[in-house]
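This report describes how two ligands and two nonpolar cores are placed in a protein model. Please keep the structure in view while reading.

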Amino acid sequence: MKKITASHWGIGIATVQDGKVTKVQGHPNDPASSQINANIADSLHGAARVLRPAIRKSWLEGRANAVPRGRDSFVEVNWDHALDLVAKELTRVRQTHGNRAIFAGSYGWSSAGRFHHAQSQLKRFLNTQGGFVRSEGNYSYNAALGLMPHIVGPYRTHVAQATRWSVIAQNTDLVVMFGGMAERNTQVSDGGVARHRMSDNLQACANAGVKFVNISPLRSDAADVLDAEWMPARPGTDTALMMGLAYTLFADGLHDQAFLDRYTVGFDHARDYLLGVQDGQAKDADWAAAICGVDANKIRSLARQMAEQRTMISVAAGVQRSDYGEQPLWMAVTLAAMLGQIGLPGGGYVIGYGVNANIGNIERPFRWGTMSQGANPVEDFIPVAMISEMLLNPCGSYQYQGQSRTFPDTRMVWWAGGNPFHHHQDLNKLHAAFQRPETVIVNEVNWTATARHADIVLPVAMAQERMDFGAGKSDNALVPMPQLVVPAGEARIEYDIYTGLAARLGNVEHFTDGKSAGDWLEEIWEVTRQRAADAEVTLPEWHSFIAGDVIDVPDPSPNQVFLAEFRSDPEAHSLPTPSGRIELYSDVIAGFRLDDCKGHAAWFPPRDVAAGKLAHYPLALLSGQPKTRLHSQLDNGAYSLSHKINGREPVLINPGDAAARGIQSGDVVELFNDRGRCLAGARVSDEVSAGCLFLWTGAWYDPDFDAEQARDRHGNPNVLTHDQRTSSLTQSPAAHSALVEIRKYDGPVPTITVHAQPRFQSADDLDKVPEMRAKKT
Ligand SMILES: Nc1nc2c(c(=O)[nH]1)N[C@H]1C(S)=C(S)[C@@H](COP(=O)(O)OP(=O)(O)OC[C@H]3O[C@@H](n4cnc5c(=O)[nH]c(N)nc54)[C@H](O)[C@@H]3O)O[C@H]1N2
Ligand SMILES: Nc1nc2c(c(=O)[nH]1)N[C@H]1C(S)=C(S)[C@@H](COP(=O)(O)OP(=O)(O)OC[C@H]3O[C@@H](n4cnc5c(=O)[nH]c(N)nc54)[C@H](O)[C@@H]3O)O[C@H]1N2
Ligand SMILES: [Mo]
């Protein structure tokens, strides 16, 4: 039997046999379906599923710190026991410390589906129980979220307005890509993507003769079809390179003064900085070349080409996921403003092309229905990437958006639908931070490292084990997601878990509104249908939709040009900035008087470099998104495993760097710095520039606590990254700025343990636990 399913990476057609999904293929109407589908079957029925509720042994024994979280064994219990424990613990924490002691930011992508969205379910439940401390922002483009409103406008709105690729194919001569445009990342879109259009759109650009320059440590960040000129710069030096370009424009009189006068404020500050009026340092092409490693003549020549032609400046989100990540964004806007092409078809800048399948390709014509999360009585939040800082510094102070704020005193952490031991930086620090709370609850489908750091693990159903519908946040399709198989073991849908908890806590109606999961689905669909009708789109009723195929709805703005209206009339369509114009100098940010973000774009060397660490750790570690999976999801699936080397995640190393260390393709290698170490599998390739290593994110963290620095056996780059964040303006993650060294690993290659079940206590041992003796029947 074949049935439809949906994931963030696209629609799948699943073959279901004897109650199991045996294969998932792409939808026939998808021009470039994702191979990530090939991970689903093995992981869904895999050895790492959480099958029953489980409690950490020391916590259950009332000796919570006897064995650290992450190293302890677990005791499986029945659902009644687990839900009683959670209800009791939630009540205790609320009564003793108040709801501000509960952190449930719960950042993460979880899986597609409008209703069974893990974070929304958890938040709705906790909002009915007095609330929780949330997190603000994301790991994807947080510096943009925090900076752009000051200088041009809200980032999410703006990225949805990105100039379309069809417009670029028709109008653009030159696309200069800082951080490239990794096609592998356009497999994915938040909430789903029905048709993968990027390959066709890039092909159209190539056919039209658009020239591409790829400024990135990875040659493959530009699709082969583009035949891009590869101009690798040292990681973290894009701001300096852009300044060299900007200086050249100014020195040659190629900047558009009329545009600057009419549409921007503060160019004089940016110009003085470029000229070195205050610090005596001209930021010219020679200065830039010494920092970024690109030849000064190439920089000058590129600047002139950009001024002579219709040029689109593109900045990949990854570029801002680095030290002082606000600066390349601000400098890209400054450079684009100097070129004066902002708002023209195919000119100007876009930040975030390639960050998902749909940016510049498609948008949704109306908003989909959703289940209300209710209101959170707790107002407090933390910037998302301050999780370790918050746990390690209860009541400590920190800077954010010009404010001095105070961390809550967290006693309980609840995570549903995210994997912080995948996504956060400096995992040894996070491991220490996770020892601090009194209780950690994790809802998971698999025994990830995050589940292994919990006290209470609640097993949840995967997308194929529940009924839902898919609709991407920026996609123009609606996808039925019928239930394909029954949940593994005793796993439950999260709605039923919270219903059970709310019943124990005496306010079940508050959570359910008297509805079952099925009732909610029909209601959310009806809202979607109504909004469609308002947009003159007719959708079928629920029962025929869920039994049918994907439904495409129209693209609302196929020819959109970013900031075209502002350009046509900057008064009538002023920007939502303090001046209404593009702020190349921001009085607001200057007024914050921050050491790490001035009132205009400025150059700051990456922190590890500035600290002199190159002497010991000469290689820059990049850790972008993996081609073979979504983050850490389904890492134990066939496609993900097929790319591993001797069971480890592949790390790309340039032939020169490999030869200098006696490393060959296929070797198990050890990457290390003063924060941590991990094993990986070497892939020697001139696809990565000299001086750089590229290790994909998402191999499940598998620490060997008996080894030096709790070496990770598997190849998770976040044991090596730092947790210092971009700047005190936005406190964004800065994973791409880490220096490391690598060597061939000669020791015995350890077995990967994290793809199997954790250690459970045997029944004999259980009897020694008084609580368990009482519960055993
Ligand atoms: N070094 C480095 N680190 C990075 C990045 C980088 O570039 N470099 N990129 C960052 C970025 S951009 C992001 S977005 C983050 C991603 O970080 P995350 O979003 O945390 O990563 P995922 O692997 O998607 O985690 C989702 C988890 O939810 C679980 N899950 C799936 N469905 C459900 C469900 O229905 N219910 C529940 N309860 N759980 C479910 C999955 O098993 C998985 O463990 O990583 C960041 N980390
Ligand atoms: N297959 C797949 N696709 C995905 C995801 C996934 O997990 N798997 N995750 C999705 C998510 S949540 C996000 S946020 C997006 C991320 O999308 P991006 O942020 O665009 O992706 P990254 O891979 O982090 O970074 C892109 C490239 O930037 C380059 N880079 C890094 N640092 C620098 C630098 O300092 N200078 C320059 N010039 N280049 C640099 C790296 O070579 C890297 O390949 O991808 C999405 N798409
Ligand atoms: Mo992301």
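A nitrogen atom of ligand 1 lies 2.9 Å from an N or O atom in the side chain of Ser 111, which is a polar contact, that is, a pair of N or O atoms within 3.5 Å. The model is predicted: local features need pLDDT of at least 70, side-chain atom pairs count only at pLDDT 80 or more, and totals for chains, interfaces and linings use all residues. Residues are numbered from 1 along each chain as its sequence is written, chains are lettered from A and ligands numbered from 1 in the order in which they are written, and side-chain values use heavy atoms, with hydrogens and water left out.

The table lists polar contacts of both ligands.

| Ligand atom | Partner | Distance |
|---|---|---|
| Ligand 1, nitrogen | Gln 425, side-chain N or O | 3.3 Å |
| Ligand 1, nitrogen | Asn 443, polar backbone atom | 3.0 Å |
| Ligand 2, nitrogen | Gly 179, polar backbone atom | 3.2 Å |
| Ligand 2, oxygen | Ser 216, side-chain N or O | 3.3 Å |
| Ligand 2, oxygen | Arg 321, side-chain N or O | 2.6 Å |

The protein covers 98% of the 910 Å² of accessible area that ligand 2 has on its own; such areas come from the Shrake-Rupley method with a 1.4 Å probe. Around ligand 2 there are 32 residues, of which Asp 221, Asp 238, Gly 318, Arg 321 and His 631 come nearest. A residue belongs to such a shell if one of its heavy atoms lies within 4 Å of the molecule. Helix H14 (residues 317–320) gives the largest share of the shell around ligand 2, three residues. Helices are DSSP runs (H or I, at least four residues), numbered from the N terminus.

Ligand 1 also has 32 residues around it, and His 423, Glu 444, Glu 494, Ser 632 and Asn 718 come nearest.

The protein also contains nonpolar cores, which are sets of buried Ala, Val, Leu, Ile, Met, Phe, Trp, Tyr and Cys residues joined through side-chain atoms within 4.5 Å. Buried means under 20% relative accessible area (1.4 Å probe, protein chains only). In soluble globular proteins, nonpolar side chains tend to be buried together.

Which residues touch the most other members of the largest core? Among its 126 residues, they are Trp 414 and Leu 671. Helix H3 (residues 79–97) contributes the most to this core, eight residues. A second, separate core has 95 residues, including Met 148 and Ala 223.

Leaving aside neighbours within four places in sequence, Leu 671 is in contact (heavy atoms within 4.5 Å) with residues including Leu 621, Val 651 and Ile 742.

Notes
Buried < 20%, exposed > 50% of the residue type's maximum accessible area, 1.4 Å probe, protein only. Helix = DSSP H or I, 4+ residues; strand = E, 2+ residues; numbered from the N terminus. Polar contact = N/O pair within 3.5 Å; in protein donor to acceptor, adjacent residues only side chain to side chain.
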